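Q: I have a model open and I'd like to learn how to read it. Could you walk me through a helix and then the cores?

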Amino acid sequence: MVSGIELVTVAYGQPAAQALRDAVAAGKHGDPLAPVSVVVPTNYVGVAARRMLGSGVLGPVTDRGIGIAGVTFLTVYRVAELLGASRLAAAARRPVSTPVLGAAVRGVLTRQPGMFAAVAEHPATEQALVDAYRELSQCDNVALDRLARAGRRAADVVRVYRAARAAHARDWYDERDLMDTAVAAVRHGSPVLADLGAIVLYLPQELSMPGAALLNTVAEHAPVTVVAGVTGVERADAGVAAAIARLGLGLGLDGSVAITPPHGTEVVSASDPDDEVRAAIRLVMAALVDGVPLERMAILYGSAEPYARLVHEQLEAAGIPHNGAAVRTLAESVLGRSLLALLALPDRDFHRHDVMTLLASAPVWFHTRPIPSARWERISRGAGVVRGATQWHERLDAHARALEAQLAEERAVPDREPRPSWYEHELEATRELDAFVAALRDTLAEGAREGVAWRQLSTWARRIVHEFLAHDSRRVKWPEAEQRAADKVEAALDRLAGLDAVEP
């Protein structure tokens, strides 16, 4: 026992699960409704642990029978939200997002670029400094001062971090702010602590310094048990050891923990990554035939590229239900890809190839109807459109006048009854295409005006989505994954409205 924290070191798998059951049972003291909070590294671990405890396969947590009640599974960040978010909300501060950080960093680089002057406007510079911001947010002022003395580049990175943090500190909060506020709430006797009950930190992996500070503070007011999983391989256990060290503990691997090192039972030779993945899926299918349930299997890979995409594609092709980290970004979803392509049209001067590619691959609507992409492609090609919003109008208008003349000639010949109908439909489609390009040009131009606020841009982007792409009522027939991605895209657009609070 160190600083109110009890450490249990076990092997992964059944021993770790059993240690979790024992810790939860100890926290309940025989009362099935007593609150216990299990702090997990990810929500996936929380779901698996909840199912194991609830099923009773590990044994009951009280003498009232199997099942669990009053046990909450949380990440460290969620614990901090429960303890400190209300205080930050009362101060009218909101959680910071990547676009907000990017805006703050851009503002600093615009005013004082320092050694980044030559690359201040490059997107990679902004992204690198945003990533550095997230890492530096774990450091206190003493560590930041020490880092700033390491050299000119380090000093400039710290300067940008501090300036960007100061730019949004009044209206926004990051993870460090949340953790610090949660620590202050615990020290002032937050009533949430009673709702959390006994704390069990289950299988910690990476643990930030602010997160460790929060758990150490909680341990001064409530019992905390750490169930640390180890493999017995020093390199593999390095991350766990670092997390435990931040809690002021040591793993203490003195041979008292019985560990069976993992080892392969079969070696498969494959010619390329595709063949590797197919071989792994064949093994999954063989295990399934032998009676092993899918939820007891996992396919692991050492590199996300190209294996993450290949595994998902091959599992989909084989019809095997699976779960795992997403392999696509929102920019690769139907709505994300379509919106980005549409917004890029002015930069491409409305080139006919880009416009027609968008219309053929995206769910574009006009006047509450899906557009006839194939017909519009044929019309624009026949009209000789190449690029330029003005050219679109001029050549489509000329094409429409030519169709009107041909229609008049056809109507003058009474024995050609079917032909006027074709010309009428073609003329209507040409006028509609002309109106669509004009509406698209005018709508996109609204976002290019100088002095447009982020809130206005957010509303403008949402209107583009609803008018031209995918109103909520049009997405009901999309695959469920695409519907969820579309909801996230719209949520991201909503968050952009908050950038007005960041100094330029």
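Q: Why does the end-to-end distance of helix 8 agree with its 13 residues?

A: First, the ground rules. This is a predicted model, where local features need pLDDT of at least 70, side-chain atom pairs count only at pLDDT 80 or more, and totals for chains, interfaces and linings use all residues. Residues are numbered from 1 along each chain as its sequence is written, and side-chain values use heavy atoms, with hydrogens and water left out. Helices (H or I, at least four residues) and strands (E, at least two) are DSSP runs, numbered from the N terminus. The expected span is 1.5 Å times one less than the number of residues. Helix 8 (residues 175-187) should therefore span 18 Å, and its end C-alpha atoms are indeed 18 Å apart.

Q: What sits at the start of helix 8, and what comes just after it?

A: At the start, a side-chain oxygen of Asp174 comes to within 3.2 Å of the backbone nitrogen of Arg176. Just after the helix, Gly189 has a positive phi of about 75°.

Q: Which residues of helix 8 are buried?

A: Buried means under 20% relative accessible area with a 1.4 Å probe, protein chains only. Among them are Leu178, Met179, Val183 and Val186. The buried residues pack (heavy atoms within 4.5 Å) against elements including helix 3 and helix 10.

Q: Which residues have the most contacts inside the largest nonpolar core?

A: In soluble globular proteins, nonpolar side chains tend to be buried together. A nonpolar core is a set of buried Ala, Val, Leu, Ile, Met, Phe, Trp, Tyr and Cys residues joined through side-chain atoms within 4.5 Å. Here the largest has 41 residues, with Trp392 and Phe436 making the most contacts inside it. Helix 19 gives the most to this core, 7 residues.

Definitions and conventions
Buried < 20%, exposed > 50% of the residue type's maximum accessible area, 1.4 Å probe, protein only. Polar contact = N/O pair within 3.5 Å; in protein donor to acceptor, adjacent residues only side chain to side chain.
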